[in-house]
Amino acid sequence: MAGVSGIDLNLLVALGALLKERNLTRAGAKVNLSQPTMSGALARLRRHFDDELLVRSGRQYLLTPVAQRLLPAVHEALAQVERTFAATGEFDPATSGREFSVAIGGQSIVMLSELLHRVHNLAPGVQLQMRVIPADLIKDDRGMLEHDLLIAPMEYYRPDGEPEVISRDRFVCVADRANPALRDGQLSLADLQALPHAVARLPQAEADPLRTAQERLGVTPNVILTTPGWLPLPFLVSGTDMVAAVPERLARRVSEAAGVTVIEPPFGRVDLVEAAWWHPMRGADPALTWLRSVLVQPAGN
């Protein structure tokens with residue numbers, strides 16, 4: 001592979017477009033270059049990397065393994081260039097039009113709705129692009145380069161780096177208001193053992209403090225329904241004899257609409273701590289520093 005010296009760094013822009021679009025015409029249109037110019041750029045890039053990068057398969061192009069490995073690094077390099085030339089050393093939320101990419105666990109929806117309101121009030125031009133955390137993001141911190149922040153429960157996602165605690169909650173139980181097992185709005189551990197459960201299926205379930213607390217008390221839930229996150233659970237147990245454990249803030253927010261009652265958990269207090277992570281390369285970004293300050297406002301609630 002050739003060294004950087006003597007290489008036209010404008011090729012980085014062409015490379016980013018080619019890897020993303022996987023089509024010479026679309027890539028050229030994206031960066032305002034003609035197809036012959038893009039063809040020339042691709043030839044130079046192939047010589048530099050000593051790899052085809054794009055290979056034809058029928059009527060489309062596919063990325064080679066080398067190109068796939070380059071993609072996250074190229075994405076971040078282009079983003080860093082944009083941040084470098086846009087940097088002023090200051091960030092004014094009242095006038096900024098910055099767009100943040102935030103990867104979230106699907107269970108963080110209540111806390112995020114509060115964040116959206118605060119951001120809109122403080123910075124009406126700022127946009128938050130929310131994306132669900134992909135499964136492989138917790139396996140490779142290169143994936144974090146694609147996002148400004150990752151927000152998730154501390155116990156369920158363990159990416160590298162020191163997180164910042166942004167919200168605290170606890171688990172409660174929810175059940176249909178007419179559930180025959182309820183006595184004075186309460187359930188016993190025996191009830192919890194006997195009733196069917198709806199649960200959230202979450203990454204790294206072996207670290208689930210809720211399951212640990214129940215197992216310590218000898219409760220093995222009879223799980224008959226699983227979901228990707230906690231949000232649907234109150235609505236799914238409504239009208240059934242199922243019970244579910246969900247974060248208290250979610251339960252209080254939706255109990256009336258879902259037609260369920262919120263129950264003090266018989267397994268005692270189990271905390272839920274949500275945190276934010278970011279790639280170290282973004283640590284000095286003044287805009288991200290501001291967003292993190294907005295995030296921590298409700299910490300301890």
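Visitor: Which residues have the most contacts inside the largest nonpolar core?
Guide: This is a predicted model. Its largest nonpolar core has 34 residues. Those with the most contacts inside this core are Trp230 and Phe267.

Visitor: Which element gives the most to this core?
Guide: Several elements each supply at least two residues, among them helix 7 (209-216), helix 9 (248-258) and strand 10 (260-263). Strand 7 (196-200) and strand 9 (243-247) are also on that list. The top contribution is five residues, and it comes from strand 6.

Visitor: How are helix 1 and helix 3 oriented where their axes come within 10 Å?
Guide: Helix 1 covers residues 11-21 and helix 3 covers residues 35-49. Their axes cross at roughly 100°. Angles of 65 to 115 degrees count as roughly perpendicular. Therefore helix 1 is, relative to helix 3, roughly perpendicular.

Visitor: How many residues of the contact of helix 1 with helix 3 are nonpolar?
Guide: Helix 1 brings Leu11, Ala14, Leu15 and Leu18. Helix 3 brings Met38, Ala41, Leu42, Arg44, Leu45 and Phe49. One residue of the contact is charged and no residue is polar. The nonpolar count is nine.

Visitor: What share of the contacts in the protein chain comes from residues 24 or more positions apart?
Guide: The chain has 10 helices and 11 strands. Count the contacts with a separation of 6 or more. Residues 24 or more positions apart account for 77%.

Visitor: What part of the exposed area do carbon and sulfur atoms supply?
Guide: Of the 301 residues, 46% count as buried. The protein chain exposes about 15,500 Å². Carbon and sulfur atoms supply 53%.

Note on methods: Residues are numbered from 1 along each chain as its sequence is written. This is a predicted model: local features need pLDDT of at least 70, side-chain atom pairs count only at pLDDT 80 or more; totals for chains, interfaces and linings use all residues. Side-chain values use heavy atoms; hydrogens and water are left out. Helices (H or I, at least four residues) and strands (E, at least two) are DSSP runs, numbered from the N terminus. Buried means under 20% relative accessible area, exposed over 50%, partly exposed in between (1.4 Å probe, protein chains only). Contact means heavy atoms within 4.5 Å. Accessible areas come from the Shrake-Rupley method with a 1.4 Å probe; for residues, only the protein chains shown count as cover. Axes are lines fitted to C-alpha atoms, for helices over the stretch in contact, and angles run from 0 to 180 degrees between N-to-C directions. Angles under 35 degrees count as roughly parallel, over 145 as roughly antiparallel, 65 to 115 as roughly perpendicular and the rest as oblique. Ala, Val, Leu, Ile, Met, Phe, Trp, Tyr, Cys and Pro count as nonpolar, Asp, Glu, Lys and Arg as charged, and the others, Gly among them, as polar. A nonpolar core is a set of buried Ala, Val, Leu, Ile, Met, Phe, Trp, Tyr and Cys residues joined through side-chain atoms within 4.5 Å.
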